Amino acid sequence: MRSQAGAPVSRRRFLALSAAGAAAGAASLGGCALQVSTGVSGSGETVTMMVKADDLSPDLVKQAKKDTGITIRRVDYDITKLIAMLTSGNPPDLVRAVGATDAAYFAARDVMEELDPYFAKSSVLAVDDLDPVNDLWRYDGRTQGKGPRYGMAKDFSQDSMYWYNTAAFDKKGVDYPSESEPVTFEEWLENAKRLVQRSKGQTTVSGGSYNGLTKLTLMATMTASAGGSLFNDDFSRVDFTTPEARKALAWYIDYCKLKVGPSAVQPDPNGWDGPTYQAGRLAMSNTGYWMGGLIGTDKKLAQVSRLAPAPVFAGGPRISACQGGTGLWMPRKAKNKDAAWRIFEWFFGEAPAKARASSGWGIPTLKSLRSLMPHQTDYQKRTLTAQESELQHFSVVSLTPYITGDAFESLYNQVTPAAMKGEMSVDTLAGRLNSVINEQLERGKEQVG
């Protein structure tokens, strides 16, 4: 229930989560009537955006001023600072977040402005032009993917898709995966085992990387691919002992035990797949279309790189979700909502959006911008064909609003290494994951109320 309009923001929902670096919950803010844009451009005003440096360059800040007349004040994204600004009643006007893991979390804590009235009056962002990935930013109080819109993704990938290097396959005599029909997870792992190259006890080329963007999205998506759900009906508990969740967990633990690619027990020194794949030391990488922006800068690498569909479990549905969907949301108590919405339109529908679409670093989230995706070279045409085929298999995999991705990751990484080293059975691991994560989910549900 929302606090009385104008009252100080309660700190009740800003209880600390796990001690292992989890973000805090958000506050319950006042429930004023929605302020719908009157069409005033906000020219001459200042909008504060809490984002990361990669989201908004100094050149974009200058371009915003030129295109809209609005000055952007960029504040570095910091969850602790965000919480302080929200609780003080002086939040940023727009805030960065990851749609898959953050949207329901913040919406459930009543800190996000509902944006449907703004979309309804916009001449830039038409609802029927929104890619379905933007449903990650919807939440009806129970299920992610339904209900009001609270934000929008700037671009996206279907993050269970993977790149593969044909030169690595040729060297080991392994048949190429299809660019339109998915392999099974078992086939993917068998290929990874065959593709590993080792010398004097050291791995020189990893067979494949399959870690997802976060362990929360990875486990939820893989469980959905097995035909189940990681969560119960109200998303208040996980259950890794169901047949579907156990299948996903067992597959990932096998992947880690085999040491065919990076994991918590064999970390990539680069911190992510891009540099390793670019150096020819990784045969497969499940980074989705997004990494094509990097691959496309290297003509030799582009010639041997292919994008393949998300794997499936035998007998399970074909699921190809987005595990990210990074974008922006507007706090309920933002002071400059009209000007913030104008910047929102500009960022997602005008010059910045068009530049992102043509870069190859993600799929545009407006369907009308798809024609700008790179398609000139043979590499770009081949990649685009594979990606367009996969889009028909997109679906939103709903996540819980009661835990952050960081908190889940921390708990997961505390418990799983013993199983990855063969020192704990999958069944024992499933029980321990249920125990530690459900304790955190219970706290999160109490915070939401």
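1. Let's start at a strand pairing in this predicted model. Asn165 has Ser305 of strand S12 as its bridge partner. One residue earlier in the chain numbering, Tyr164 is matched in S12 by Arg306. Both pairs belong to the contact between strand S8 (residues 162–165) and S12, which run antiparallel and are joined over four bridges.

2. Now look at the other neighbour of S8. S8 also pairs with S11, again in the antiparallel sense, over two bridges. Here Tyr164 stands opposite Met284 of S11. Tyr164 is thus a handy residue to click on, with Arg306 as its bridge partner in S12 and Met284 across from it in S11.

3. Put together, these strands make an open sheet of three, ordered S11-S8-S12, with antiparallel pairing. Strand S11 (284–285) and strand S12 (305–308) are the edges; each has a single partner strand, so one side of each has no neighbour in the sheet.

4. Which way do the side chains of S8 point? Tyr162 and Tyr164 face one way, while Trp163 and Asn165 face the other, and all are buried. This fits a familiar pattern: in a regular strand, side chains alternate between the two faces of the sheet. Helix H14 (residues 378–391) lies across S8 and S12, and its direction is at about 10° to that of S12.

5. A second sheet deserves a visit too. It is open and has five strands in the order S2-S1-S3-S13-S6, with mixed pairing. The edge positions belong to strand S2 (71–76) and strand S6 (151–153); each has a single partner strand, so one side of each is left without a neighbour in the sheet. On average, neighbouring strands of this sheet are turned by 25° against each other, ignoring direction.

6. Within that five-stranded sheet, S3 and S13 pair in the antiparallel sense over four bridges. If you want one example to find on screen, take Ala97, whose bridge partner in S13 is Gly327.

7. Helix H2 (residues 79–87) is a good next stop. H2 lies across S1, S2, S3 and S13, running at about 140° to S1. Its buried residues are Leu82, Ile83, Met85, Leu86 and Thr87. The cover over these residues includes strand S1 (46–51), strand S3 (94–98), helix H3 (99–108) and strand S13 (326–329).

8. Both ends of H2 offer a detail to check. At the N-terminal end, Asp78 acts as a cap, with a side-chain oxygen 3.1 Å from the backbone nitrogen of Thr80. Just after the helix, Gly89 takes a positive phi of about 80°.

9. Finally, there is a helix pair to look at. Helix H8 (residues 243–258) and helix H17 (residues 426–448) pack at an angle of about 115°, and their axes are 10 Å apart. The crossing of H8 past H17 is right-handed. From H8, the residues in contact are Arg246, Leu249, Ala250 and Ile253, and from H17 they are Val426, Asp427, Leu429, Ala430 and Leu433. Sorted by type, the residues of this contact are seven nonpolar, no polar and two charged.

Terms used:
Residues numbered from 1 in each chain as written. Predicted model: local features only at pLDDT ≥ 70, side-chain atom pairs only at ≥ 80, totals over all residues. Heavy atoms only, no water. Axes fitted to C-alpha atoms, helices over the stretch in contact; angles between N-to-C directions. Left-handed = near helix turned anticlockwise from the far one by under 90°. Contact = heavy atoms within 4.5 Å. Nonpolar A, V, L, I, M, F, W, Y, C, P; charged D, E, K, R; others polar. Pairing = 2+ DSSP bridges. Buried < 20%, exposed > 50% of the residue type's maximum accessible area, 1.4 Å probe, protein only. Polar contact = N/O pair within 3.5 Å; in protein donor to acceptor, adjacent residues only side chain to side chain.
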